Structure formats: C-alpha cells, structure tokens
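The following exchange asks how terms are applied to one structure and on what grounds.

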Amino acid sequence: MKTRILVAALACLAVGCADPGPARDHVAALFELDPRAFHGAPATAAQRELGERLFTTRLGEAACSDCHRLGDHGQDGRSHVRNTPALADVSRQLVLGWDGGEGDLGQMVARELRDRCRVEDAQAVAALTAFLDGWRTRGRWDRYVEGDDGALSGAERHGLATFIEVGCAACHAGRTLGGRSRHKLGAAAPFATVDTGLHAVTGRDADRYFFKAPMLRLAARTGPWLHDGSVSDLREVVRLMARHELGREVSDAQVDAIVLFLQAAADVDERTG
Ligand code: HEC
Ligand code: HEC
C-alpha cells in the first residue's frame, strides 16, 4: 500500500501531475506583449522574395546564410567573435545584437551587410529586412499564452511555473521570452568573460558587461549558448543563470522542469515570408 502511494507520488512529481500552471492573469502580464512587426514600412511579397534570394547569395565577401543557416533557424552553432544568433523571430525583439546596442532591424541589417560582406546598398538592406521581418515561428507556447491551457502538458506548465518562481521571467519576458532588454551578465555574482558587451559600443563604464537577455523561444534548439557560445549544455546554462543573474542555486528538479518548458517553447513551426 505504502509503496503504491510512493510510486504514485513519484509519478506525479515526474509529470508535474495535473499542474494547472501559473495563474492566467500572471501569464498575461508577463508574456502577452509581442511587438509583432518592426517599425518599417510594410513589405511587399516581391521585396521579401528578393530578400530571401539576397540572403542566400554571396554579396561582396560573404552570404548571410554562410553563418545564419536557413535550415537551422538562422544560426550555425558557431562563434564568429560572437556566437551566431538565430534569426527566426528576430524582428519581434526590441533590442538587437548580443549587446543590445541596436534598436532598429534595418540598421542592424545595414551593419551586418557592411561589416560581414563589405557592401553598402540601401535596396538590399530594405529587401533583406523585409525577408527577416517575415521569418517567424509559431507553436504550442503561443497557443498557451493565448489561453489554451492544454497546449502545454502538466509537466510543461509546472516548468513554466518554475521558470517564473525562480525569477527567470524578470529578464526573459514577453511572448519571445526575452529580446526586450539589456542586463548585466553577472548581475548577482561576477561572470568571467572578456567581452565587455554594451560597454564596447558606448564606452560608458556603467554599460560594462551589459548584454541583451536574448529570446528563449528557440533556445532549446540553438546551442551552444551565451554570447561567446562557451556553454554547450543547456542544463548548465540554467544553473549559471540562476547563480549569476539571480544569486541562487537551483535543484536538479528545478533545472529539469525549466529545461522541459524551454523545449516546449521551442516546439514551433517556422515560416519565412
Ligand atoms: C561571418 C558570419 C556572419 C555573416 C556572414 C552574417 N552574420 Fe549576421 N550575425 C553574426 C553574428 C556573430 C552576430 C552577432 C553579432 C553581435 O551581437 O555582435 C550576427 C547578428 C545578426 C543580427 C542580429 C540578430 C539579433 O538577434 O540581435 C542580424 C539581424 C543579422 N546578423 C543579419 C545578418 C544579415 C542580413 C547578413 C547578411 C547581409 C548577416 N547577418 C551576415 C554572424 C554573421
Ligand atoms: C538579470 C537578468 C536575467 C535573469 C534573471 C536571467 N537571465 Fe538568462 N540571460 C540574461 C542575459 C543578459 C543573457 C545573455 C548572456 C550573454 O550574452 O552571454 C542571458 C542568456 C540566457 C540564455 C542563453 C540564450 C542563448 O541563446 O544563448 C538562457 C538559456 C537563459 N538566459 C536562461 C535563463 C533562465 C532559465 C533563467 C532563470 C534561471 C534566466 N535566464 C535568468 C539575463 C538574465
């Protein structure tokens, strides 16, 4: 009898039982916000098609898709000084670049085209930007935020509740789970890194080690992680975040729950254009 209760309790722990998840008003307050589009003129289909073609064509010294691979959400799992960020959903962010130093997608594209390809061309920038604006994902996480409780399993809802409880949503909020603000890497405990983040752009001492809290929508699929790609185990990233951003240690069970939630958030369909 006792064993049976124990087994039931363990099974319950394993699947999060019928965890209702966090309160609905809490979910709405934290995650509903989603700047749908960048602030440019609406793009035409022809512009997006041209953008897609340019994206995979060698322009000057490189093709965007050399590093931002189309089949891998726009990243390549490698570092080119910094870790190549995924480009799916890129325009849903409020700040761009690992250091969050850019606010406008068109400007960021112009910078990439100039720095990586050695090309300056206003029309190419417009087309590439239109293409990137249409590169979006949608999945169970979106349906959950929109009110469908069943879109996440009990265990995944428990993972979300843990994500909130531990404090992750303080920086990784909105439908995108981040990409909205900059924070000090090592806000709670110093984090060893050579890149000084936003400080390298502004030269201001107060900006030292400030980076964008990146979107976590696809994070479970886009390792290795962090601005330098230095950590290749997602569980380790979760532990480091808790320790260095929040000043707390998390249990294995909490790490498991959060990782399960991040995997659910990354369960998406993707479209370009
Ligand atoms: C050599 C590899 C490489 C090439 C080629 C490249 N990128 Fe990037 N891209 C990166 C890296 C690395 C970053 C991160 C830069 C940073 O944060 O300092 C980045 C950042 C970006 C971002 C910002 C993403 C975000 O979430 O903040 C955009 C947009 C982007 N690239 C678009 C492009 C476009 C468009 C092209 C082609 C014109 C291009 N890139 C070519 C490696 C590359
Ligand atoms: C104080 C703000 C803050 C808090 C709280 C925070 N993060 Fe982060 N997070 C960041 C910043 C800043 C980065 C970017 C670090 C870098 O550039 O190397 C980041 C990066 C990440 C990444 C890597 C994403 C990628 O694509 O490489 C993951 C995963 C992540 N955080 C998960 C979490 C989890 C889980 C929690 C809760 C335990 C959490 N974060 C709490 C600010 C925060």
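Q: Where does H73 lie?
A: H73 lies in the loop between α4 and β1; helices (H or I, at least four residues) and strands (E, at least two) are DSSP runs, numbered from the N terminus. The model is predicted: local features need pLDDT of at least 70, side-chain atom pairs count only at pLDDT 80 or more, and totals for chains, interfaces and linings use all residues. Residues are numbered from 1 along each chain as its sequence is written, chains are lettered from A and ligands numbered from 1 in the order in which they are written, and side-chain values use heavy atoms, with hydrogens and water left out.

Q: Why is H73 called buried or exposed?
A: Buried means under 20% relative accessible area, exposed over 50%, and partly exposed in between (1.4 Å probe, protein chains only). H73 has a relative accessible area of 10%, so it is buried.

Q: What makes the pairing of the H73 and E270 side chains a polar contact?
A: A polar contact is a pair of N or O atoms within 3.5 Å; within protein, one must be able to donate a hydrogen and the other to accept it, and residues adjacent in sequence count only if both atoms are side-chain atoms. The side chains of H73 and E270 make such a contact at 2.6 Å.

Q: Which protein atoms are donors of the iron atom of ligand 1?
A: Donors are N, O and S atoms within 2.8 Å of the metal (3.2 Å for Na, K and Ca); water is not among the atoms, so sites may look incomplete. H68 (NE2) and E112 (OE) are the protein donors, lying 2.0 Å from the iron atom of ligand 1. H68 belongs to the loop between α4 (64-67) and β1 (79-80) and E112 to helix α5 (residues 105-117), so the pair ties together parts that are 44 residues apart in sequence.

Q: Why is the arrangement around the iron atom of ligand 1 called octahedral?
A: Four donors count as tetrahedral if all angles lie between 85 and 135 degrees; four count as square planar and six as octahedral if opposite donors are over 155 degrees apart and all others between 65 and 115; anything else is irregular. Around the iron atom of ligand 1, six donor atoms subtend angles of 84 to 180 degrees, which makes the arrangement octahedral.

Q: How are H68 and E112 classed by accessible area?
A: H68 has a relative accessible area of 11% and is buried. E112, with 21%, is partly exposed.

Q: What surrounds ligand 1?
A: A residue is near a molecule or strand if one of its heavy atoms lies within 4 Å of it. On that basis 24 residues surround ligand 1, the closest being C64, C67, H68, G97 and E112. Oxygen atoms of ligand 1 have an N or O atom in the side chain of Q93 at 3.0 Å, a backbone N or O atom of W98 at 2.7 Å and a polar side-chain atom of K212 at 3.0 Å. Helix α5 gives the most to this shell, with six residues.

Q: How do the residues around ligand 1 divide by class?
A: Ala, Val, Leu, Ile, Met, Phe, Trp, Tyr, Cys and Pro count as nonpolar, Asp, Glu, Lys and Arg as charged, and the others, Gly among them, as polar. The shell around ligand 1 thus divides into 14 nonpolar, six polar and four charged residues.

Q: Which residues coordinate the iron atom of ligand 2, and what makes the arrangement octahedral?
A: H172 (NE2) and M241 (SD) coordinate the iron atom of ligand 2 at 2.1 to 2.4 Å. Its six donor atoms subtend angles of 88 to 179 degrees, which makes the arrangement octahedral. The pair links distant parts of the chain, with H172 in the loop between α8 and β4 (182-184) and M241 in helix α10, 69 residues apart. H172 is buried at 10% relative accessible area, whereas M241 is partly exposed at 25%.

Q: How do you know that α8 is largely enclosed?
A: Eleven of the 13 residues of α8 are buried, so this helix is largely enclosed by the rest of the structure. Among them are G154, L160 and F163.

Q: How does the span of helix α6 (residues 122-133) agree with expectation?
A: The expected span of a helix is 1.5 Å times one less than its number of residues. For the twelve residues of α6 this should give 16 Å, and the end C-alpha atoms are 16 Å apart, which agrees. Nine of these twelve residues are buried, so α6 is mostly covered.
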